Structure formats: structure tokens, C-alpha cells
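Visitor: I am new to this structure. Please take me through a single part of it, slowly enough that I can follow along.

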Amino acid sequence: KDYAQRLFSELHCLLAKQDGYVGAQVGRAVAHRYCRSVCKLDLQASHGGGTSVKMLLTHDRQYLIKQITKAEQKQLMGMAEDYYYHIRENPHSLLVRIVGCYSIRMHQWSKGIYFVVMRNLARSSSGARPVLRMDLKGCWVHRTVPDLSPAYLAYVLLT
């Protein structure tokens with residue numbers, strides 16, 4: 001199932017325009033590129049930290065596909081419209097760019113599998129690469145980072 005298809009499609013086109021794509025056919029071009037990208041996955045699956053969350057990269061490394069729970073899917077759908085408007089009004093936001101939310105249900109599984117498709121922040125169309133990566137969670141246990149100077153952090157956030 002494709003959740004909030006119209007909203008995420010509009011968001012994807014908005015992101016393409018923010019990246020500098022122009023023309024009347026932006027929507028079709030974005031959809032075509034997206035389908036080509038997500039139809040072929042890098043089978044080197046990775047697991048999210050200490051959890052059993054599964055993540056995959058598309059073969060061209062443009063998108064990250066992350067498994068989520070049904071509760072996370074419901075929460076995302078509850079704030080999807082606000083998320084769209086936030087990204088539209090704040091193009092330089094550091095929030096991840098979610099471009100799709102889906103579920104798959106097969107007969108041999110009693111429950112569906114939910115997942116989101118996100119742009120890979122490490123593969124910016126502008127050519128910018130992250131200088132620093134942090135895993136932000138709601139838990140402080142065993143999550144430390146060396147002290148960084150405010151000047152360095154300002155450089156990281158502004159570049």
C-alpha cells in the first residue's frame with residue numbers, strides 16, 4: 001500500500017525544484033528517476049544499531065529504505081501534511097527528506113511490513129557531503145560524542 005501518495009509525490013517534486021530542476025515535466029522526470037532507483041536495491045542489508053530494524057540502499061545510493069513499525073507509520077501519517085509544509089517553508093531544514101511510506105503484506109506473514117523511503121543525505125544533488133554525522137535518539141545511555149568546539153559545530157551546520 002502506498003500511503004499519502006499525492007502528498008509525498010508533491011514533496012518529491014518540491015525537493016527536485018529546490019535542487020534546481022525546472023520545466024513542465026518535473027513530476028514525470030522525478031517519478032521516472034525514483035522508480036528506476038528504488039526498483040533495484042543494494043542487497044547488502046544493514047541493521048539499525050541495537051535494534052532489528054532493516055535498512056537498504058538503492059543501487060545508485062540515492063535513497064535509503066528503512067523499516068518502521070505500524071505505530072511509527074500511523075504517527076508519520078498523522079503529521080505528514082505538517083511535515084510537507086515545514087519542508088516547503090524551510091528548504092534548508094536538517095530534517096530527513098521522506099519521499100514515500102509503504103506497506104507490504106504477503107500471505108505467509110501474519111503482519112504487514114511498513115517502511116519509508118528517504119533521500120540519502122550523504123548523496124546530495126548539490127554535491128555537498130556531510131562533515132559530521134550523529135545518530136540522534138531519545139536515549140542518553142551509551143550515547144556520547146567528544147566535546148566539539150562551538151566554532152566547529154557552526155561550520156558543520158552552515159556548510
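Guide: A salt bridge is a side-chain nitrogen of Lys or Arg within 4 Å of a carboxyl oxygen of Asp or Glu. Keep that in mind for the end of the tour. One caution comes before the rest: this is a predicted model.

Let us look closely at strand β5 and what surrounds it. Strand β5 covers residues 98-104. Of its 7 residues, 6 are buried, so β5 is largely enclosed by the rest of the structure.

Now look to its partners. Strand β1 is joined to β5 by 2 bridges, and the two run antiparallel. Find Asp2: its bridge partner in β5 is Tyr102. Strand β6 is joined to β5 as well, by 6 bridges. These two strands also run antiparallel. Here, Cys101 has Val116 in β6 as its bridge partner.

Strands β1 and β6 share a link of their own. Tyr3 lies in β1, residues 2-3, and Tyr114 lies in β6, residues 113-119. A pair of aromatic rings is described by the distance of the centres and the angle of the planes. For Tyr3 and Tyr114, the centres are 6.3 Å apart and the planes are at 35°, so the pair is tilted. The two residues are 111 apart in sequence, so their pairing ties together distant parts of the chain. Both rings belong to buried residues: Tyr3 has a relative accessible area of 14%, and Tyr114 has 12%.

Stay with β6 and go to Arg119, which is found in that strand. Arg119 counts as buried, at 18% relative accessibility; the cut-off for buried is under 20%. Set aside the neighbours within four places in sequence. Arg119 is then in contact with Leu15, Asp19, Gln62, Tyr63, Val96, Arg97 and Val99. Val99 is a good one to pick out, as β5 spans 98-104.

Next, the surface. Ile104, Met106 and Ile113 make a nonpolar patch of about 220 Å². Met106 is found in the loop between β5 and β6. Met106 counts as partly exposed, at 37% relative accessibility.

Step away from the strands for a moment. The structure holds 3 aromatic pairs. One of them is formed by Tyr84 and Tyr85. Their ring centres are 5.3 Å apart and their planes are at 75°, so this pair is edge-to-face. Tyr84 counts as buried, at 11% relative accessibility. Tyr85 counts as partly exposed, at 35%.

Last come the salt bridges. Side chains of opposite charge can pair when their charged atoms come close. A search of the whole structure finds 2 salt bridges. In one, the side chains of Arg88 and Glu89 meet, at 3.1 Å from N to O. Arg88 is partly exposed at 36% relative accessibility, while Glu89 is exposed at 53%.

In the other, Arg6 meets Glu10, with an N to O distance of 3.1 Å. Both residues sit in helix α1, residues 5-18. They are 4 residues apart there, which means about one helical turn separates them. Arg6 is exposed, with a relative accessible area of 64%. Glu10 is partly exposed, at 33%.

Now return to β5. Trace its bridges to β1, then its bridges to β6.

Note on methods: Residues numbered from 1 in each chain as written. Predicted model: local features only at pLDDT ≥ 70, side-chain atom pairs only at ≥ 80, totals over all residues. Heavy atoms only, no water. Phe/Tyr/Trp six-rings, centres within 6.5 Å; stacked < 30°, edge-to-face > 60°. Buried < 20%, exposed > 50% of the residue type's maximum accessible area, 1.4 Å probe, protein only. Patch = residues over 30% accessible without salt bridge, like charges linked within 9 Å, V, L, I, M, F, W, Y side chains within 5 Å. Areas by Shrake-Rupley, 256 points an atom, 1.4 Å probe, with all protein chains shown as cover. Contact = heavy atoms within 4.5 Å. Pairing = 2+ DSSP bridges.
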